[in-house]
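Good morning, and thank you for making time for this. I would like to walk you through the salt bridges in one structure, so please have a look at it with me.

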Amino acid sequence: MIKNAFVEKNSEGNIVVRVEDKQLSTFDDYNCALEWAFSIGYRVYKKEPTNDKQRVLG
């Protein structure tokens, strides 16, 4: 089963990857976070705080 991962900025300003409400990893760059989560088999969504859009990477 493919799980969904969400990449977003947390309240501290860090870019985090979350799966099932658990923080897996932090990054300095959105693209690195997206690529990392996708490379280990997650369907990845990017949450953008300014307009609340989600983008599917894979």
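Which residues are linked in a network of salt bridges? They are Glu8, Arg18 and Lys47, and I will come to each pair in turn. Before that, please keep in mind that this is a predicted model, in which local features need pLDDT of at least 70 and side-chain atom pairs count only at pLDDT 80 or more, while totals for chains, interfaces and linings use all residues. Residues are numbered from 1 along each chain as its sequence is written, and side-chain values use heavy atoms, with hydrogens and water left out.

By a salt bridge I mean a side-chain nitrogen of Lys or Arg within 4 Å of a carboxyl oxygen of Asp or Glu, and by this rule the count comes to three.

Let me begin with Glu8 and Arg18, whose closest N and O atoms are 2.9 Å apart. Glu8 lies in strand E1 and Arg18 in strand E2 (strands being DSSP runs of at least two residues, numbered from the N terminus), so this pair ties together parts that are ten residues apart in sequence.

Glu8 also forms a salt bridge with Lys47, at 3.8 Å between the closest N and O atoms, and here the link runs from strand E1 to strand E4, 39 residues apart.

As for accessibility, Glu8 is buried at 16% relative accessible area, whereas Lys47 is partly exposed at 31% (buried is under 20%, exposed over 50%, partly exposed in between, with a 1.4 Å probe and protein chains only).

Technical notes: Helix = DSSP H or I, 4+ residues; strand = E, 2+ residues; numbered from the N terminus.
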